[in-house]
Amino acid sequence: MTVQRRLRFAAFMLCFTGLFVGGLYLAHKAFITSWNERQLRQLAIDTLTRTELAIDSATMKMSDVIVNRSTSCATVDPMAMTKALYGSSIMKNMRLETKDGVCWSYEEKNDALEQSIDTARQNRTSSAGYSLFSLHFPGWKGLGIRWQYSAEGNIVEVLATSGLLFEILPADLRNSALMHLTLPDGTSFASYSPQKKWYTDGIELASFDEQSERYPIKFSLKVDAAALARWNQEISLQAAAIALAVGLGFGILAARGMMRNTSILGDLDQALARGQIQPYFQPIFDLEDRKLLGFEMLARWIKPDGTMIPPLAFIPLAESSGRIERLTMELLKQAGDQLGGLLRTQAHLKLTFNVTPDQYLAENFVDSLITNTARFNLPHRALVVEVTERQAITDKTRAAIVTGKLNDAGMRVAIDDAGTGHNGLSAIHALGANYLKIDKFFVDGITLDRKSSELVEMLAGLATKFGMIVVAEGIETEEQITALLQLGIREGQGFVYSRPVPAAAILAMATNGARQSVPRRSPSRFLLSA
């Protein structure tokens, strides 16, 4: 190579390196800004969800106390009132107002609380007879729920709501943010402001507000825009060095003209045609006796050299490009070839698999699934269709009809990742599913903080009232199994029992006995040995 050509090559390489590093910096800045906003928006949604769950729990407790419309202070079961309160950490008191007087779950008199209830402004909910109101007296703030269960009777729940906003903000923003949960009358029933006074007139604020679709409550988060702009934007020297090295490599490849524009979708189509995307199965087991109850089908892209591409790298692409139906059917066909015989001989086992809400609502979904699974040697009674929460269920009426048709065909339906996606409680109410799967996000914290445990308890309680079986996902420790059993959850899956495995391992589990031996070891040791 001549000197002139080498100089040209170097100039070309430096140009592309600079473009790459500069573009990477701008992309990093834009991504972090967008990510931060999504994080805070999700925080607002999660806070509303927790508040809605608390209200749901309180209203269910009310129905446990009021056995009929003639219930009064003279006939109410005091133990029922006490049990309702002890069953929840957020409920602090209960008051019954009837024609024969007023009675409380606790005998001690609280004049400030009584006055706050008597003078509160009522905010009607969409449910007939129910209203919400803020409670305030010195040193305390909370939410009241009133149910007028008859012409002469009311029951009031008193909720201590300060914990709803406790330490939910990222540490870097706690001294630069304000939070409020408010009612339509403008009153706040939970708020947060840092001890450090930072807010002054003229300061630019970024607002993140969310309105509940189910109750007349609003969450408001205001953050110092300057603090938000700095959040997560620091770049370490190590990251900068890595970016420069990667940029240099990119520049060299570009200068040599060796970069090719390979179509990822083409690779995906080839992988499907060549059978490189294969089903793996994660066992579902009985938490008490560790009996194998079934398995969830998961996709794994295994290249000819043995490398495995993680599902998050191609499943969203398959969904967005319209290839997810083809991928699902290909996996079910392989599952039928590998495990169809097992499912037919061991009737207690179930095979669960994921579909998106768009798939679920598609016109020919039910007929295609029934026809193809029969052709694939998969017994319908063993199949559980898991509706994922990566998209919203846009037509809940049609979704309920689809569930009914699947049930008529012998299949069952599960709501996957409950409480973490787009659908939440509305899906529990409308879909008519047979199973509710508690997401790993909640299971991870069940032994670490009380809030996670209470959220799991609320979700499990709602599912049970709707006649659903609850399955916990992502179980990694024996302590989590113990906690889940205490909450009445009997089925689960996770690394504590088995990671996702090929069909041969499932056949070995089912053949060698109904019980799976579970080594008592920490998640970290398990992962290292896996």
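These exercises work through a disulfide, several salt bridges and one buried residue in a predicted model.

The model is predicted, so local features need pLDDT of at least 70 and side-chain atom pairs count only at pLDDT 80 or more, while totals for chains, interfaces and linings use all residues. Residues are numbered from 1 along each chain as its sequence is written, and side-chain values use heavy atoms, with hydrogens and water left out.

**Exercise 1.** Find which cysteines form the disulfide, and state which parts the pair ties together.

*Solution.*
- Step 1. A disulfide is a covalent bond between the sulfur atoms of two cysteines; the search criterion is a pair of cysteine sulfur atoms within 2.5 Å.
- Step 2. The structure holds one disulfide. Its partners are Cys-73 and Cys-103, with sulfur atoms 2.3 Å apart.
- Step 3. The angle about the S-S bond is -95 degrees, and the link of Cys-73 and Cys-103 is left-handed.
- Step 4. Cys-73 lies in the loop between α1 (3-65) and α2 (78-86), and Cys-103 lies in strand β2 (residues 101-104), so the pair ties together parts that are 30 residues apart in sequence. Helices (H or I, at least four residues) and strands (E, at least two) are DSSP runs, numbered from the N terminus.

**Exercise 2.** Locate the salt bridge partners of Asp-269 and Glu-296, and say how far apart each pair is in the chain.

*Solution.*
- Step 1. A salt bridge is a side-chain nitrogen of Lys or Arg within 4 Å of a carboxyl oxygen of Asp or Glu. The whole structure has 20 salt bridges.
- Step 2. Asp-269 pairs with Arg-323, the closest N and O atoms being 2.7 Å apart. Asp-269 is in helix α6 (residues 264-273) and Arg-323 in the loop between α7 (315-320) and α8 (324-345), 54 residues apart.
- Step 3. Glu-296 meets Lys-437 at 3.2 Å, N to O. Glu-296 is in strand β12 and Lys-437 in strand β17 (residues 435-438), 141 residues apart.

**Exercise 3.** Is Ile-302 buried or exposed, and which residues does Ile-302 touch?

*Solution.*
- Step 1. Buried means under 20% relative accessible area, exposed over 50%, partly exposed in between (1.4 Å probe, protein chains only).
- Step 2. Ile-302 has a relative accessible area of 17%, so Ile-302 is buried.
- Step 3. Ile-302 lies in strand β12 (residues 292-302).
- Step 4. Contact means heavy atoms within 4.5 Å. Not counting residues up to four places away in sequence, Ile-302 touches Gln-276, Gln-278, Tyr-280, Thr-307 and Met-308.
- Step 5. The C-alpha atoms of Ile-302 and Gln-278 are separated by 7.3 Å, and the two residues are 24 apart along the chain.
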